[in-house]
Amino acid sequence: MARQRTPEGPPPAPAVQKLRIRYAKRGRLRFSSTRDFSRALERALRRADVPMAFSAGFHPHPLISYANGAPTGTASEAEYFEIRVTERVDAEAVRAALDEALPDGLDVLEVVEAGPGALADRLEASEWQLVVRGADPAAVEEAVAGYLAAEVAETTRTFKTGPRTFDTRAAVLSLVLDGVDEEGCAILRMVVRHTTPSVRPDDILTALRAVTGFSPPVPPLVTRLAQGPLRGAAAGVADPLAADKDAAGLG
């Protein structure tokens with residue numbers, strides 16, 4: 001019987017604290033992928049001297065968990081991840097050090113000590129803003145009305161297993177024209193429930209074209225404004241870190 005190999009050296013130090021972190025993707029960094037961010041984050045954690053906990057085994061890696069990242073090419077004010085550390089740290093000090101160590105445009109907004117419960121379970125929906133450039137706001141509003149009147153609005157996206165057609169309409173809890181910007185571009189706001197498969201803003205735009213014939217002349221500027229527990233279609237989403245802040249006396 002073959003002897004089981006074990007890694008040499010002492011086991012990794014145990015994690016004593018878990019931190020939940022919200023960050024933003026802004027400007028040109030909206031084109032960074034989750035993999036790009038992962039590499040930048042691991043470098044930043046080293047530069048910031050964060051006492052990271054590592055997995056056991058022959059190929060230890062820092063204990064980082066990512067939650068529901070926004071699609072590449074979209075900006076976001078509400079991206080989340082968790083880290084585990086081997087020494088108790090001050091959350092605000094970690095926020096400042098990580099923000100300094102990451103590139104401009106990857107901005108660390110909040111760090112809180114994790115309380116009970118899973119972060120992923122709290123991310124029920126996202127609120128998005130789309131700036132529709134080069135289109136008549138009246139035409140945008142008419143297309144939105146047509147989409148909302150549809151019972152089903154399908155799109156097709158290619159997954160690892162091949163093309164899949166799915167409905168977008170049931171996931172869209174609200175979709176409104178929220179005025180125009182200083183350049184006359186229509187601003188759309190939408191609340192989208194997190195589903196499997198996920199319904200992304202580009203899926204909704206593809207379905208909008210299929211249902212109404214409307215297509216933006218140029219790709220809209222898309223920003224995730226928030227994600228968290230669902231408060232209702234009209235009210236949007238709540239802060240997923242609220243329970244952690246309350247547990248830490250920060251609420």
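**Pockets, cores and a hairpin in a predicted model**

The largest pocket is lined by 17 residues, of which Asn68, Gly69, Arg157, Ser198 and Arg200 lie nearest its centre. The model is predicted, so local features need pLDDT of at least 70 and side-chain atom pairs count only at pLDDT 80 or more, while totals for chains, interfaces and linings use all residues. Residues are numbered from 1 along each chain as its sequence is written, and side-chain values use heavy atoms, with hydrogens and water left out.

**Pockets**

- A pocket is an open set of points on a 1 Å grid over the protein atoms alone, where a 1.4 Å probe fits, with protein on both sides within 12 Å along at least five of seven lines; lining residues have an atom within 4 Å of a point.
- The volume of the largest pocket is about 340 Å³, a volume being the space filled by probe spheres set on the points, which are joined across faces, edges and corners.
- Two or more lining residues of the largest pocket come from each of S5, strand S6 (154-159) and S9; strands are DSSP runs (E, at least two residues) and helices are runs of H or I of at least four, numbered from the N terminus.
- The lining of the largest pocket comprises six nonpolar, six polar and five charged residues.
- The second largest pocket has a volume of about 270 Å³, and among its 18 lining residues Asp202, Leu205, Pro219, Pro220 and Val222 lie nearest the centre.
- H5 provides the largest share of that second lining, five residues, and strand S10 (221-228) supplies at least two.
- By class, the second lining has 10 nonpolar, four polar and four charged residues.

**Nonpolar cores**

- The largest nonpolar core (buried Ala, Val, Leu, Ile, Met, Phe, Trp, Tyr and Cys residues joined through side-chain atoms within 4.5 Å; buried means under 20% relative accessible area with a 1.4 Å probe, protein chains only) has 25 residues, and Val140 and Tyr147 have the most contacts inside it.
- Strands S5 (125-132), S8 (172-180) and S9 (186-193) and helices H4 (137-149) and H5 (201-212) each give two or more residues to this core.
- Another core, of 24 residues, lies apart from it and includes Ile21, Leu45, Val50 and Leu102.
- Beyond its neighbours within four places in sequence, Tyr147 is in contact (heavy atoms within 4.5 Å) with residues including Val172, Leu175, Ile204, Leu208 and Val211.

**Strand pairing**

- S6 and strand S7 (residues 162-167) run antiparallel and are joined by six bridges; strands pair if DSSP finds at least two bridges between them.
- A hairpin of two residues connects S6 to S7, and Glu154 has Asp167 in S7 as its bridge partner.

Methods
Buried < 20%, exposed > 50% of the residue type's maximum accessible area, 1.4 Å probe, protein only. Nonpolar A, V, L, I, M, F, W, Y, C, P; charged D, E, K, R; others polar.
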